[in-house]
Amino acid sequence: CNHFFVLTKMADEETGEFHTAHAGASETYPCQCGTLKKNGYVLIKGRPCKIVEYSTSKTGKHGHAKAHIVAIDIFTGKKLEELCPTSHNIDVPNVVRTEYSLMDITTDDPPFVVLLDNNTNAEKSDVRLPAGDLGKQIREGFDGGKDLTISVIKAMGEEAVVGCKENASG
C-alpha cells in the first residue's frame, strides 16, 4: 500500500524503506489492514503511529481473519492498539523524514531549533528542541561548536525532531 506521489524521498533509518510524499498529497491514504507490516505506519484513534507488533488470528467458521496491531504514537510515544478485519481498509499516514542543518537554538521557553534546508536554503524555526536525552545531545553538540544534521519527521500536520548526527569535517 505505498500510494505515494513523488517529490520528497527519504529513507527510513530503521527499515531502509523510502517514504515519498507530494506537497499536495493528503495526510493519509487507505490501505488494506492485512497488508500492514511491523515497522510500518498506521493511523490509530486519529494519531500517526509506528507498528511495533502485528499478528493475525482467525475468528469462527465464517468470520473474518482479524489483525491485532500494537503501535507507538510517533510524536507522543504513547502505545495504542487496534483490532481490524484483515480485509477492511485502515488509514495510513503519509510520513516524511527530512534532514536539516542546525543553525541555532532559540532562547525561548521551551526552546526551538533554527534549521536550514540544504536543498532549498529555506530557514525553518517552528520545531521545538526535544526534551530528554536527544534534546540534551543536540544542545551539547551545538554549544560545543559541532556541525549537526537534525532529522525531522512530519505527519498529520505535526513535526518533531527525531534524530541528530554530527557531520564529518571535510
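Biologist: Let's start with contacts between residues at least 6 apart in sequence: what percentage of them join residues at least 24 apart?
Modeller: Happy to help, and please keep in mind that this is a predicted model. Two residues count as being in contact when they have heavy atoms within 4.5 Å of each other. Taking the contacts in the chain between residues at least 6 apart in sequence, the share that joins residues at least 24 apart is 49%.

Biologist: What average pLDDT does the chain have?
Modeller: A residue scoring at least 70 is what we find for 84% of the chain. Residues 2–18 fall below 50, although this stretch has 42 contacts in the model beyond near neighbours in sequence. Where pLDDT is low, the predicted coordinates should not be read in detail. Averaged over the chain, the pLDDT is 86.

Biologist: How many strands does the chain have?
Modeller: Reading along the sequence gives the pattern β-β-β-β-β-β-β-β-β-β-β-α-β-β. The α in that pattern stands for the one helix, and the number of strands is 13.

Biologist: How much of the chain is made up of buried residues?
Modeller: A residue is called buried when its relative accessible area is under 20%. The chain has 170 residues, and the buried share of them is 41%.

Biologist: Now the helix: what distance does H1 reach from its first C-alpha to its last?
Modeller: H1 covers residues 132–143, which makes 12 residues. At 1.5 Å a residue, 16 Å would be expected. The model comes close to that, with a reach of 17 Å.

Biologist: Do the buried residues of H1 line one face or opposite faces of the helix, and within what arc do they fall?
Modeller: The buried residues include Gly135, Ile138 and Gly141. Turned away from their side is a face that carries the exposed residues Gly132, Asp133, Lys136 and Asp143. Look down the axis of H1 and the buried residues line one face, because they fall within an arc of 135 degrees.

Biologist: Which strands do the buried residues of H1 pack against?
Modeller: Gly135, Ile138 and Gly141 are the buried residues to follow here. Their packing partners in the chain are strands E9 (96–105), E12 (148–155) and E13 (158–166).

Biologist: Which residues have the most contacts inside the largest nonpolar core?
Modeller: In soluble globular proteins, nonpolar side chains tend to be buried together. Here the largest nonpolar core has 22 residues, and the elements giving it two or more residues include E3, E5 and E12. Another core, of 13 residues, lies apart from it, with Tyr100 and Val161 among its members. In the largest core, those with the most contacts are Cys33, Leu36, Val42, Ile44, Ile69 and Ile74.

Biologist: His88 interests me: is it buried, partly exposed or exposed?
Modeller: His88 sits in the loop between E7 and E8. Leaving aside neighbours within four places in sequence, His88 is in contact with Cys31, Gln32 and Cys33. Its C-alpha is also 7.8 Å from that of Gly34, a residue 54 places away in sequence. With a relative accessibility of 39%, His88 counts as partly exposed.

Biologist: Which bond type joins Asp109 and Pro110, cis or trans?
Modeller: Pro110 is placed in the loop between E9 and E10. Omega is about 0 degrees for the peptide bond between Asp109 and Pro110, and that bond is cis.

Biologist: What is the distance between the C-alpha atoms of Phe112 and Pro130?
Modeller: Phe112 belongs to strand E10, residues 112–116. Not counting residues up to four places away in sequence, Phe112 touches several others, including Ile105, Val127 and Leu129. Along the chain Phe112 and Pro130 are 18 residues apart, yet their C-alpha atoms are separated by 8.5 Å.

Biologist: What relative accessible area does Lys45 have?
Modeller: Lys45 is in the loop between E4 and E5. It has a positive phi of about 50 degrees although it is not a glycine. A residue is exposed when this area is over 50%. Lys45 is exposed, with a value of 64%.

Biologist: And for Asn121, near what value is phi?
Modeller: Asn121 lies in the loop between E10 and E11. Asn121 is exposed, with a relative accessible area of 60%. Its phi is positive in a residue other than glycine, and it is near 60 degrees.

Methods. Residues are numbered from 1 along each chain as its sequence is written. This is a predicted model: local features need pLDDT of at least 70, side-chain atom pairs count only at pLDDT 80 or more; totals for chains, interfaces and linings use all residues. Side-chain values use heavy atoms; hydrogens and water are left out. Helices (H or I, at least four residues) and strands (E, at least two) are DSSP runs, numbered from the N terminus. The expected span of a helix is 1.5 Å times one less than its number of residues. Buried means under 20% relative accessible area, exposed over 50%, partly exposed in between (1.4 Å probe, protein chains only). The arc is that of the directions from the helix axis to the C-beta atoms. A nonpolar core is a set of buried Ala, Val, Leu, Ile, Met, Phe, Trp, Tyr and Cys residues joined through side-chain atoms within 4.5 Å. pLDDT is the predictor's confidence in each residue, from 0 to 100.
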